[in-house]
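Please look over the sequence and the model below before reading on. The report that follows takes up strand pairing, covalent links, a metal site and a few side-chain contacts in turn.

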Amino acid sequence: MTAPGLLPVAVLAFLLAACSGVDRPGVPATGAERQEARRVMQTAPLPRQRGLGEAAQHASLARVVRHIRPAAHRVCVRMKGANCGAILTRIPVRSDRREINAHVDGSHRVTLNDGLLRKAGSDEEIAAVLAHEYGHVIADHVDKRMGDAGTGALGGLLAGTVAGAVVCDRSNKGCMGDMVRAGGGIGLGLGALAYSKQHELEADYYAALILTEAGVPLSAGEQLLTRLARTREGRAGGYGPLGVAMARTHPADDERIARWIANRRALEYALATGLSTDAQLASEARRRVLDSGAGESRWANPRTGHSGTVTATKRWRSAAGETCVSYGWKSWQAAGRAETQGAETACRRAGGPWRVR
Ligand SMILES: [Zn+2]
């Protein structure tokens, strides 16, 4: 006989996998960046926490809001994000709660807790928190989570019914009821959690775009994530009322830091070179792979939020004495995250231009 409980979970996993989209928040991290993230998390020095009292917290938050809110609104409008109006009408607030946390509620208002404002080492770190929460607003995560929780519960009820029909004795009405209730409960939990890892990474990417727009150094985000990683409560962060459940699917801290480093480098590269269109950035990434022999090159555009990679798959010398490189490219849109990809081979004679075959 099938063990009760196993089947609903298996069916649920299938249902939830079927409805979960693939988000691509910025560029993927390399193995070297994952290693660097672990090192940063363990040994990087951090500014001392400021330990601000209530009045100083209000003053700091007011400064940060004045600076970050207009930038977040510009990013939202430019990238056709959701709830852009709410960024202007809902002023972020401070709460007396001691947990090191911040959240967005159903009306898209951002709340930063006393615990977090006290723990932060600078206004820039608070700016990184606010920008991250605005990321959730722009990507419409609160509404999506409500929808996911509902879809999960429905899937769970169905799975519970199917499982009940298989494992319950027909004369045992209580068994069937238990299975359906258990399925619904599991589904509700899994549905609400299904996207949360992706949501955190996506909000981090928007945060990087907002901080860039506001002229805040992106190192502030690394400091904040490192501080949270070294704080037990920080690891349990999330969405306020759902915070407890969130903790279990929060991305590993080093994964978030690695992604932050990857996106920071790609965005800083765009700023340093002054390249401003996706086509220019993608073409420069291709040039780096072709000319420098790099295995992979990433780009991210601070203006559009779009990003991409170019990856060499094969290098060889042709019979005619040309150097040839086969490579694949991918690019992602910030909003909607549509993916496009292709593959090409380019060859050149020594010192000559690359020609795509
Ligand atoms: Zn978050």
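Within strand β8, Val-356 is the bridge partner of Ala-346, and β7 and β8 are joined by 2 bridges and run antiparallel. Strands, like helices, are DSSP runs numbered from the N terminus (E and at least two residues for strands, H or I and at least four for helices), and two strands are said to pair if DSSP finds at least two bridges between them. β7 and β8 form a hairpin with 6 residues between them, and Gly-351 in the turn has a positive phi of about 80°.

This model is predicted, so that local features need pLDDT of at least 70 and side-chain atom pairs count only at pLDDT 80 or more, whereas totals for chains, interfaces and linings use all residues. Residues are numbered from 1 along each chain as its sequence is written, and side-chain values use heavy atoms, with hydrogens and water left out.

The hairpin strands belong to an open sheet of 5 strands in the order β4-β5-β6-β7-β8, with antiparallel pairing. Its edge strands are β4 (296-300) and β8 (355-356), each of which pairs on one side only. At the β4 edge, β4 and strand β5 (residues 307-317) pair in the antiparallel sense over 5 bridges, and Glu-296 stands opposite Thr-311 in β5. β6 and β7 pair over 10 bridges, also in the antiparallel sense, with Ala-343 in β7 as the bridge partner of Gly-328.

A search of the whole structure finds 2 disulfides, a disulfide being a pair of cysteine sulfur atoms within 2.5 Å. They are set out here.

| Disulfide | Sulfur atoms apart |
|---|---|
| Cys-76 and Cys-84 | 2.0 Å |
| Cys-324 and Cys-347 | 2.1 Å |

The second pair links distant parts of the chain, with Cys-324 in strand β6 (residues 323-332) and Cys-347 in strand β7 (residues 339-348), 23 residues apart. The link of Cys-324 and Cys-347 is right-handed, with 115° about the S-S bond, while the torsion about the S-S bond of Cys-76 and Cys-84 is about -85°, so that disulfide is left-handed. Both Cys-324 and Cys-347 are buried, where buried means under 20% relative accessible area, exposed over 50% and partly exposed in between (1.4 Å probe, protein chains only). Cys-76 and Cys-84 are both buried as well.

The zinc ion is coordinated by His-132 (NE2), His-136 (NE2), Glu-200 (OE) and Glu-200 (OE), at 2.1 to 2.7 Å. Donors here are N, O and S atoms within 2.8 Å of the metal (3.2 Å for Na, K and Ca), and because water is not among the atoms, sites may look incomplete. The 4 donor atoms subtend angles of 52 to 130° around the zinc ion, which makes the arrangement irregular; four donors would count as tetrahedral if all angles lay between 85 and 135 degrees, four count as square planar and six as octahedral if opposite donors are over 155 degrees apart and all others between 65 and 115, and anything else is irregular. The donor residues are spaced H-x3-H-x63-E in sequence. His-132 and His-136 both lie in helix α6 (residues 123-138), 4 residues apart, about one turn of the helix, and both are buried.

Two side-chain contacts place a charge over a ring, meaning that NZ of Lys or CZ of Arg is within 6 Å of the ring centre and within 35 degrees of the ring normal. Arg-288 lies over the face of Tyr-269, at 4.0 Å from the ring centre, and the charged end of Lys-314 sits over the ring of Trp-316, 4.5 Å from its centre.
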